[in-house]
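Work through the following exercises with the sequence and the coordinates at hand. Each task is followed by a solution that goes step by step.

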Amino acid sequence: MRRPILAGNWKMNKGVAEAVDFVRTIRRGLNDIKGVDKVLCPPYTALAALRDPLAATDIGLGAQNMYWEEKGAYTGEISAPMLKELCQYVILGHSERRAHFNETDEAVNRKIKAALAHGLFPIVCVGETEAEYDAGQTQAVVGGQVRGCLAGLTAEQVAGLVLAYEPVWAIGTGKAATASGAGAVIGLTIRGTIAGLHSEDTAQAVRVQYGGSVNPANVAEYMTHPDIDGALVGGASLKGDFVELVRIAAEVTSI
Ligand code: PGA
C-alpha cells in the first residue's frame, strides 16, 4: 500500500507575513485530516517562519528547489544541509525550473542525490510539453526524464522517492489531464521505466503524484485511479479550499 501524498506548491507567492497568516487559518483543518501525507512548499523566505507554526502538526514543509553543492561560492543558491534545518521535503525538476532556468535531467539527478545524502525527501517532477504531447512524444520524453533524473540511484533510493507527473500543458491552464490519461502515463511510462531500471517491486513502491490544474472538484478522480498516489497542487494550494481538496483526497482513498 502506497500512502497518498498531497503537496501544495506555492511557487513565487506569499511573503512571510502572508504565509504565516495563511498557515494559521488552514493548519487545524489540515492537521485533522488523517491517512494521507500533507506538505506545504512555500518560497524559501517563508520556510523558517513556518517551522514553528507547523511543529505541533503532522503537516510537512518543503522547499521548491535547491543546489547540489553543500556550501561555498554559489551566490544566490541554497543547499540541502541548509534546507534540512528548516524542512523535510524539496521539489526538484519542476517544469518551470526546466523552462525558465535551464534545468536539465542531469542537474535534477545531482540535486536528488544531494537531497537524499542529507535526509531530505525529493518530489521529482517530470512531464511533457504541449508540443511534445501533440507530436505523440509523451512516452519518449517522460521515459527519458525518468531515466535521466534517476540515473545511478539504488533501487532502495528510488523506492523511497515521490515523483510528480505534471504535463506542462496542464499546469496553471485549467486544462487538467484526465485521470485515465495521467494514470496511463504514470503506470505504463513512469512505473514501466522504473521496472526496466530496477524491478517491478521498485516500480510499485514509488509514489507518483499527478499535477496540473488539480482542484477540489477534480481531485477525487485522480485519487481513485490505482496508479496515482496523490497530487502536486499549484494555484489551488494558495487558498483555504486546499483543506477541502486534501479532505476529499483522504476520503476517497480511505474507501
Ligand atoms: P497548478 O500547478 O495546480 O496551478 O496547475 C501545478 C504545479 O505546477 O505544480
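**Exercise 1.** In this predicted model, determine in which sense strands β3 and β4 pair, and over how many bridges.

*Solution.* Begin by locating the two elements: strand β3 covers residues 59-63, and strand β4 covers residues 89-92. Their pairing is parallel and extends over two bridges, a number that satisfies the criterion of at least two bridges for calling two strands paired. To fix the register, take G62, which stands opposite Y89 in β4.

**Exercise 2.** Place this pair in the wider sheet by stating how many strands the closed barrel has and in which order they run.

*Solution.* The barrel is closed and has eight strands, in the order β1-β2-β3-β4-β5-β6-β7-β8, with parallel pairing. Going from one strand to the next, the twist averages 25°.

**Exercise 3.** Identify the strands that helix α1 lies across, and give its angle to β2.

*Solution.* Helix α1, made up of residues 16-31, lies across β2 (37-41) and β3, and its direction is at about 165° to that of β2. Next consider helix α9 (residues 179-197), which packs on the sheet and touches β5 (121-126), β6 (162-165) and β7 (207-211). The direction of helix α9 makes an angle of about 135° with that of β6.

**Exercise 4.** Examine the loop between β1 and α1, and find the sign of phi for K11 and for K14.

*Solution.* K11 belongs to the loop that lies between β1 (5-9) and α1, and its phi is near 55°, which is a positive value in a residue other than glycine. K14 is found in the loop between β1 and α1 as well, and phi of K14 is near 80°, again positive although the residue is not glycine.

**Exercise 5.** Describe the surroundings of the ligand, starting from the question of how many residues surround it and which of them are closest.

*Solution.* The shell comprises 13 residues, of which K11, H94, E166, G172 and S213 are the closest. Sorted by character, the shell divides into four nonpolar, seven polar and two charged residues. Now inspect individual atom pairs, for which the polar-contact cut-off is 3.5 Å. A polar side-chain atom of N9 lies 3.5 Å from an oxygen atom of the ligand, while for H94 a polar side-chain atom lies 2.7 Å from a ligand oxygen atom. In the case of G172 the backbone takes part, with an N or O atom 2.6 Å from an oxygen atom of the ligand. Finally, of the 290 Å² of accessible area that the ligand has on its own, the protein covers 95%.

Definitions and conventions: Residues numbered from 1 in each chain as written. Predicted model: local features only at pLDDT ≥ 70, side-chain atom pairs only at ≥ 80, totals over all residues. Heavy atoms only, no water. Near = heavy atom within 4 Å. Polar contact = N/O pair within 3.5 Å; in protein donor to acceptor, adjacent residues only side chain to side chain. Areas by Shrake-Rupley, 256 points an atom, 1.4 Å probe, with all protein chains shown as cover. Nonpolar A, V, L, I, M, F, W, Y, C, P; charged D, E, K, R; others polar. Helix = DSSP H or I, 4+ residues; strand = E, 2+ residues; numbered from the N terminus. Axes fitted to C-alpha atoms, helices over the stretch in contact; angles between N-to-C directions. Contact = heavy atoms within 4.5 Å.
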